[in-house]
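Hi,

Here is the structure I said I would pass on. Have a look at it first, and my notes follow underneath.

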Amino acid sequence: MKRTVEVRLRPDVQSIMFLFSMNQGKIMKISKFGMLGVAGIAMFALGIAKGADSNSSQPTTLKAVAELKPAKNSKVKGTVLFVQENAGVHVTAEVTGLTPGEHGFHIHEKGDCSAADFSSAGGHFNPSHKPHGGMESMEHHAGDLGNLTADATGKAHLDFVSHDLSLDGTNSVVGRSVIVHANRDDLVSQPAGNAGPRIACGAIELK
Ligand SMILES: [Cu+2]
Ligand SMILES: [Zn+2]
């Protein structure tokens, strides 16, 4: 239904606008009534098109973002976006300035990146009191997002949907932080995968 309306309307609007621009050179030759008529039809059609667009807009979607800032001796920067979807929270991450290879990537308990070593962010976000693991492991912290894998230029990209995360309620990740580590998360060692120093940190804020 929605598609049919758009397909019908947009060419109409375009052809009216085209007619309008074609007539620009001959404005003096067109009667006042004619001009008003064309303008009126154009505005009416634009009004309908606008109405159709606003009808197709989605209900408000919860979104949050963490802007990653580097630790003192690191150049790691990036953005992690969280979007609430029916299936879970869609997480996309773009990170630069990494050494090539894997780097532990977690949500930590507190949205506080004020300490130089980012220890102020606390431990892994773990509302259901599980042991540390990988996202695919039977048991893992909700904040265990596995590893970022950086290419030869130091860039990493991640895109997945998490069923363990939420952007509202008591187990919301809003107000917590995203941390990138110097080393690989082995997905086994307790309590944090032996991933080494914290090299980037960003508080998760509603967008
Ligand atoms: Cu971590
Ligand atoms: Zn963990």
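Let me start with one pair of residues: valine 65 sits opposite glutamate 205, which belongs to strand 8. That pairing is part of a longer match, since strand 1 and strand 8 (residues 198-206) run antiparallel and are joined by five bridges. Bear in mind throughout that this is a predicted model.

Strand 1 has another partner too. Residues 63-70 make up strand 1, and they pair with strand 2 (residues 77-85), again in the antiparallel sense, over six bridges. If you want a spot to zoom in on, glutamate 67 has threonine 79 of strand 2 as its bridge partner. The two strands form a hairpin, with six residues between them.

Stepping back to the whole chain, you'll find two helices and eight strands. What is the order of the elements from the N terminus on? It goes α-α-β-β-β-β-β-β-β-β, so to speak: the helices, then the strands. The protein chain has 207 residues, and buried ones make up 28% of them. Taking the contacts with a separation of 6 or more, 62% are between residues 24 or more positions apart.

Now for the backbone oddities. Most residues other than glycine have a negative phi, and most peptide bonds are trans. Three places in this model depart from that, and they are worth a click each:

- The peptide bond from glutamine 190 to proline 191 is cis, with omega near 0 degrees. Proline 191 is in the loop between strand 7 (177-181) and strand 8.
- Asparagine 194 is not a glycine, yet its phi is positive, at about 55 degrees. This residue is also placed in the loop between strand 7 and strand 8.
- Phenylalanine 118 has a phi near 60 degrees, a positive value in a residue other than glycine. Look for phenylalanine 118 in the loop between strand 4 (101-108) and strand 5 (144-150).

Are those two positive-phi residues buried or exposed? Phenylalanine 118 counts as buried, because it has 23 C-beta neighbours inside 10 Å and the cut-off for buried is 20 or more. Asparagine 194 has 16 other C-beta atoms within 10 Å, so it comes out as partly exposed.

If you only have a minute, I'd go to the loop between strand 7 and strand 8, as it holds both proline 191 and asparagine 194.

Cheers

Terms used: Residues are numbered from 1 along each chain as its sequence is written. Chains are lettered from A and ligands numbered from 1 in the order in which they are written. This is a predicted model: local features need pLDDT of at least 70, side-chain atom pairs count only at pLDDT 80 or more; totals for chains, interfaces and linings use all residues. Helices (H or I, at least four residues) and strands (E, at least two) are DSSP runs, numbered from the N terminus. A residue is buried if 20 or more other C-beta atoms lie within 10 Å of its own, exposed if 12 or fewer, and partly exposed in between; C-beta atoms are placed from the backbone. Two residues are in contact if their C-beta atoms, placed from the backbone, lie within 7 Å. Two strands pair if DSSP finds at least two bridges between them.
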